[in-house]
Amino acid sequence: MLDNDTRDWWRHAAIYQVYPRSFADNDGDGVGDLAGIRARLGYLRDLGVNAIWFSPWYPSPMADAGYDVADYRDIDPSFGTLAEAEQLITEAHALGLRMIIDIVPNHCSIEHAWFRQALADRPGSAARELFWFRPGGGESGELPPNDWQSIFGGPAWTRVADGEWYLHMFASGQPDFNWDNPVVRDEFEDIVRFWFDRGVDGLRIDCAAMCTKDPDLADFDPAATPDPHPYSDREEVHEIYQRWRAIADSYERPRVLIGEVMVADNYRLARYLSPGRLHSAFNFDFLGCPWDAKALRRCIDDTLASHAPVDAASTWVLSNHDVTRHVTRYGRADTGFEHALRQARHQLPTDLDLGTRRARAAAMLTLALPGAVYVYQGEELGLPEVEDVPDASRQDPFFFRTAGADPGRDGCRVPLPWSASGANFGFSPDDAAPAWLPQPAGWADYTAERQEADPASMLTLYRTALALRAAEPGLGDGPMTWQDCADGVLAFTRPGGFTCVLNLSADAVELPEAGEILLASGPLQGGRLPSDTCAWVRSASKE
Ligand code: TEU
């Protein structure tokens with residue numbers, strides 16, 4: 001039995017990502033809010049997840065959907081109040097759900113009090129030293145201080161009225177903090193305590209590898225993979241999390257640190273997870289792994305091998321608010337990582353039936369693997385990417401900073417469909433404003449209400465699989481053993497006679513184990529496991 005109350009709950013938890021703008025709207029403005037989430041906590045408990053991770057809920061001008069934070073100690077008024085957040089934490093805990101919030105330490109918003117002060121003060125002032133302000137190049141400082149490019153496209157520098165430039169690795173509304181400055185470090189340690197004191201169980205740390213920069217701010221060639229890198233995965237960054245870990249461990253019920261760590265490989269990732277640093281990090285390698293038996297096996301083995309020496313639990317992620325939804329990705333010819341992040345955002349031929357069949361199988365695979373698993377809101381409903389978001393509704397800076405060349409991430413952030421009745425498919429109450437991103441007309445079939453009653457739905461599959469996982473002693477963190485099987489088929493056992501079999505080959509195959517079928521992602525064909533289908537089997541001889 002997976003006990004949600006154990007001290008190391010995060011090693012095996014199923015963690016549900018709530019994107020607050022798009023989960024549920026209670027006040028009818030077409031934007032999700034905390035009251036909407038509170039009203040649907042029962043849905044999450046019934047789904048069977050152990051924890052919720054909230055994307056940013058802080059006051060923000062929403063230049064990057066809340067990842068541009070104006071005040072780290074409050075709640076955006078469109079979402080609610082700090083008092084409501086505290087109620088939400090208490091109510092979630094009462095239902096046995098842990099609470100993880102997003103913290104964004106690499107950058108803030110241009111509306112943050114520190115940045116406003118920096119703009120008001122002179123070059124060289126203490127407020128400017130909290131960020132990366134520099135004079136420009138060229139004859140009269142008209143050129144950016146270096147050649148760094150924003151991750152959202154275009155130069156990573158913006159010029160202010162007095163002629164200086166400030167660094168922003170993302171949108172121009174997201175100035176990067178100067179983590180060499182002890183004032184920044186102290187401030188964030190205080191923010192970390194602020195939320196832990198309010199009962200938050202863990203932090204998801206945004207852009208965790210990027211906080212520290214080479215103060216020389218020299219030009220560099222990204223293709224040359226410089227070592228050390230000027231702004232990513234630098235040695236000094238670990239000190240930040242060692243200090244946060246000491247804070248997390250100082251609580252009677254220790255708090256958890258989960259990194260969004262984008263680095264070259266799993267071995268670099270594992271350095272963030274070594275003792276005294278972060279507890280856990282997202283497995284983006286797995287998210288981007290092509291739908292192919294050999295590639296998946298290699299990725300799983302590499303994950304386990306890199307995590308074992310630092311005694312970290314693995315995590316398994318299929319989707320999040322930054323990537324094309326996996327039902328759509330898996331319905332395409334190329335399912336790999338670059339594709340997930342970029343090209344896939346462009347309309348490409350997609351077979352949604354195929355994508356859905358694979359997504360069902362993939363969910364069962366992740367839930368059977370050792371470690372923790374993340375579920376991005378809407379994946380339990382089998383939502384596809386919304387590819388025809390009208391340009392006028394788009395909000396993602398990726399779209400604007402690439403002049404539309406990259407349509408951005410809005411298509412995976414469309415508000416959830418709850419029911420056929422009610423405004424915005426039940427996302428909002430009656431008579432509400434239109435949802436902040438329009439939902440496709442055909443989404444009635446995806447509503448939670450319709451799926452609840454359907455034993456063949458994606459929602460039923462997630463509920464059943466999560467309940468089985470919680471009851472199965474060998475699942476969650478712990479050992480797994482590969483079984484020999486045919487090409488294109490993956491099979492592994494977990495303790496207690498549990499076997500997971502996934503057929504990625506074109507033809508139906510015999511199940512390698514005789515036994516009771518606990519769950520299958522699709523109907524078997526005369527006892528054989530069809531292509532793109534996964535089954536959980538309890539072997540007759542429980543070893
Ligand atoms: O993402 C970090 C990041 O590097 C992303 O830009 C990622 O490469 C991209 O979204 C893939 O499409 C985090 C957040 O998850 C993202 O939503 C924010 O926009 C970003 O940080 C800036 O805070």
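Strands, as numbered on this tour, are DSSP runs of at least two residues, counted from the N terminus. The model in the viewer is predicted.

**Stop 1: Trp482 and the edge of a sheet**

Select tryptophan 482, which sits in strand S12. With a relative accessible area of 17%, Trp482 is under the 20% cut-off and therefore counts as buried. Show its surroundings: leaving aside residues up to four places away in sequence, Trp482 is in contact with Arg297, Ile300, Asp301, Leu490, Ala491 and Phe492. For a distance check, pick the C-alpha atoms of Trp482 and alanine 13; they are 23 Å apart, with these positions 469 residues apart along the chain.

Now widen the selection to the whole sheet. It is open and has five strands in the order S12-S13-S14-S16-S15, with antiparallel pairing. S12 (481-482) and S15 are its edge strands, each pairing on one side only. S12 is joined to strand S13 (residues 489-494) by two bridges, and the two run antiparallel. Look across from threonine 481 to find threonine 493 in S13.

**Stop 2: strand S16**

Move along the sheet and select residues 533-539, strand S16. Seven of its seven residues are buried, so S16 is largely enclosed by the rest of the structure. Colour the side chains in two groups: Thr533, Ala535, Val537 and Ser539 point one way, while Cys534, Trp536 and Arg538 point the other.

Add the neighbours of S16. Strand S14 (residues 498-503) pairs with S16 in the antiparallel sense over six bridges, and valine 501 has alanine 535 as its bridge partner in S16. Strand S15 (residues 515-520) is also antiparallel to S16, joined to it by five bridges. Here leucine 519 is the bridge partner of tryptophan 536.

Then step back to aspartate 532, in the loop between S15 and S16. Its phi is near 55 degrees, a positive value in a residue other than glycine. Asp532 has a relative accessible area of 3% and is buried.

**Stop 3: the largest nonpolar core**

Which residues have the most contacts inside the largest nonpolar core? They are Tyr16, Leu44, Trp57, Trp244 and Trp536, in a core of 150 residues. Highlight helix H12 (residues 352-368) next, since this helix gives the most to the core, with eight residues.

Centre on tryptophan 244. Not counting residues up to four places away in sequence, Trp244 touches Ile103, Pro105, Trp179, Phe188, Glu189, Val192, Ile205 and Leu257. Apart from the core of 150 residues lies another of 16 residues, including Ala156, Leu167, Met210 and Phe220.

**Stop 4: a three-stranded sheet**

Select the open sheet with the order S4-S6-S5, whose pairing is antiparallel. Its edges are strand S4 (133-134) and strand S5 (157-159), each pairing on one side only. S4 pairs with strand S6 (residues 165-167) over two bridges in the antiparallel sense. To see the register, select phenylalanine 133 and tyrosine 166 in S6, which stand opposite one another.

**Stop 5: the second largest pocket**

Return to H12 and show a surface around it. The second largest pocket holds about 250 Å³ of space. Of the 14 residues that line it, Thr356, Leu381, Tyr446, Ser457 and Met458 lie nearest its centre. H12 provides the largest share of the lining, four residues. Helix H14 (448-452), like H12, supplies at least two residues. Colour the lining by class to find five nonpolar, four polar and five charged residues.

**Stop 6: two backbone features in loops**

Go to the loop between strand S7 (202-205) and helix H6 (237-249), where proline 228 is found. The peptide bond from aspartate 227 to proline 228 is cis, with omega near 0 degrees.

Finish at phenylalanine 425, in the loop between helix H13 (397-401) and H14. Is Phe425 buried or exposed? It counts as buried, at 16% relative accessibility. The phi angle of Phe425 is near 50 degrees, a positive value in a residue other than glycine.

Notes. Residues are numbered from 1 along each chain as its sequence is written. This is a predicted model: local features need pLDDT of at least 70, side-chain atom pairs count only at pLDDT 80 or more; totals for chains, interfaces and linings use all residues. Side-chain values use heavy atoms; hydrogens and water are left out. A nonpolar core is a set of buried Ala, Val, Leu, Ile, Met, Phe, Trp, Tyr and Cys residues joined through side-chain atoms within 4.5 Å. Buried means under 20% relative accessible area, exposed over 50%, partly exposed in between (1.4 Å probe, protein chains only). Contact means heavy atoms within 4.5 Å. Two strands pair if DSSP finds at least two bridges between them. On a 1 Å grid over the protein atoms alone, a cavity is a set of points where a 1.4 Å probe fits but cannot get out, and a pocket is an open set with protein on both sides within 12 Å along at least five of seven lines; lining residues have an atom within 4 Å of a point. Grid points are joined across faces, edges and corners, and a volume is the space filled by probe spheres set on the points. Ala, Val, Leu, Ile, Met, Phe, Trp, Tyr, Cys and Pro count as nonpolar, Asp, Glu, Lys and Arg as charged, and the others, Gly among them, as polar.
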